[in-house]
Amino acid sequence: SANNKLQKDIADKVKIDEMRKEFLDNVSHELKTPLASIRLLTDSILQDASIDRDTAREFVADIGEAADRLIHISQELLELNRLDEGRDMAQEPVDWTEQVEKIGRMLAPLAEEDRITLETDLGEDCIVRCNQEDASQILRNLMENAIKYNVTGGEVLVTTRHQGAQVLLSVADTGVGIPEADMPRIFERFYRVDKARSRQAGGSGLGLSIVHDMVLRNDSTISVAPRPEGGTCFTVVFPAFDIEEDI
């Protein structure tokens, strides 16, 4: 009836308003911490006339880290806006072997810093139709998380396989893993499993939600599971690129 439809519309609007308020509260909280650090550190430098050069350099380095965090959060918010508006959806053939090798080279210094071993097991003909920028961000985000939330001296294994009409991409790590209770929520915006560790690693709680949205809009699926030997494995399943169908 018209009355039921009106009640549903009102309920939907209330829910959207609540989600918008929660999102803005989370954004404000994320921005407040690095901004407060920058303010505190600059005040310390300006107000202490006797501050020595080495201490000042340390403070400036900390300011740089806080500024990098602000830039990272801003980039992720812009990415969410791009996804929400459905822009830049041009798709093309993407070779996952090339993507894994390219992102692996980019993340090698980060892995070496924590003595993380990056290993790959790449199958043949792992080509999908995907937005090029989405493909790069999906892989980079998953691999970067696997490195950041690993243990010192741990491993990251990236696997690709062409199976029938699908291409599987998996990113497995030897980290502390994700508690079972948190598994259903890890793709929610701003959700963190370990809030303290996430902030220490520079995470905003947006990365996996961005990956999830990118995967879905490219007609694909993503899942996460604990590894029997410890750690976590993310698996993305793409429709394989069929040159005959896509000509």
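Is Arg161 buried, partly exposed or exposed? Arg161 counts as partly exposed, because its relative accessibility is 30%. This is a predicted model.

**Salt bridges**

The count of salt bridges comes to seven. One of them joins Asp121 to Arg161, with the closest N and O atoms 2.7 Å apart. Asp121 sits in strand β2 (residues 117-122) and Arg161 in strand β4 (residues 155-163), so this pair ties together parts that are 40 residues apart in sequence. Asp121 is partly exposed, with a relative accessible area of 34%.

Another bridge pairs Lys148 with Glu144. The two are four residues apart in helix α4, so about one helical turn separates them. Lys148 is partly exposed at 26% relative accessibility. Glu144 is buried at 18%. Arg140 joins these two residues in a network of salt bridges.

Arg227 and Glu229 also meet through their side chains in a salt bridge. Arg227 is buried, with a relative accessible area of 19%. Glu229 is exposed at 57% relative accessibility.

Three of the bridges are listed here.

| Salt bridge | Closest N to O distance |
|---|---|
| Asp121 and Arg161 | 2.7 Å |
| Lys148 and Glu144 | 3.4 Å |
| Arg227 and Glu229 | 2.7 Å |

**Helices α4 and α6**

Helix α4 covers residues 132-148 and includes Asn141. Asn141 has a relative accessible area of 13%, so this residue is buried. Beyond residues up to four places away in sequence, Asn141 touches Gly207 and Val211. Both of those residues are buried in α6.

Helix α6 (residues 207-217) is mostly covered, with eight of its eleven residues buried. Among the buried residues are Leu208, Ile210, Met214 and Arg217. Just after α6 comes Asp219, with a positive phi of about 55°.

**Leu168 in strand β5**

Leu168 belongs to strand β5 (residues 166-173). Its relative accessible area is 21%, so Leu168 counts as partly exposed; the cut-off for buried is under 20%. Neighbours within four places in sequence aside, Leu168 contacts Thr159, Thr160, Arg161, Gln163, Val236 and Val237. Arg161 is thus a contact of Leu168 and also the salt-bridge partner of Asp121. Leu168 and Val128 are 40 residues apart in sequence, and their C-alpha atoms are 9.9 Å apart in space.

**A negative patch**

Which residues form the negative surface patch? They are Asp48, Asp52, Asp54, Glu58, Asp62, Glu65 and Asp68. Glu58 lies in helix α2 (residues 53-85). Glu58 counts as exposed because its relative accessibility is 52%.

Terms used
Residues are numbered from 1 along each chain as its sequence is written. This is a predicted model: local features need pLDDT of at least 70, side-chain atom pairs count only at pLDDT 80 or more; totals for chains, interfaces and linings use all residues. Side-chain values use heavy atoms; hydrogens and water are left out. Patches are made of residues with over 30% relative accessible area and no salt bridge: like charges are joined within 9 Å, nonpolar side chains (Val, Leu, Ile, Met, Phe, Trp, Tyr) within 5 Å. Accessible areas come from the Shrake-Rupley method with a 1.4 Å probe; for residues, only the protein chains shown count as cover. A salt bridge is a side-chain nitrogen of Lys or Arg within 4 Å of a carboxyl oxygen of Asp or Glu. Lys and Arg count as positive and Asp and Glu as negative; His and the chain ends are not counted. The place of a charge is taken as NZ of Lys, CZ of Arg, CG of Asp or CD of Glu. Buried means under 20% relative accessible area, exposed over 50%, partly exposed in between (1.4 Å probe, protein chains only). Contact means heavy atoms within 4.5 Å.
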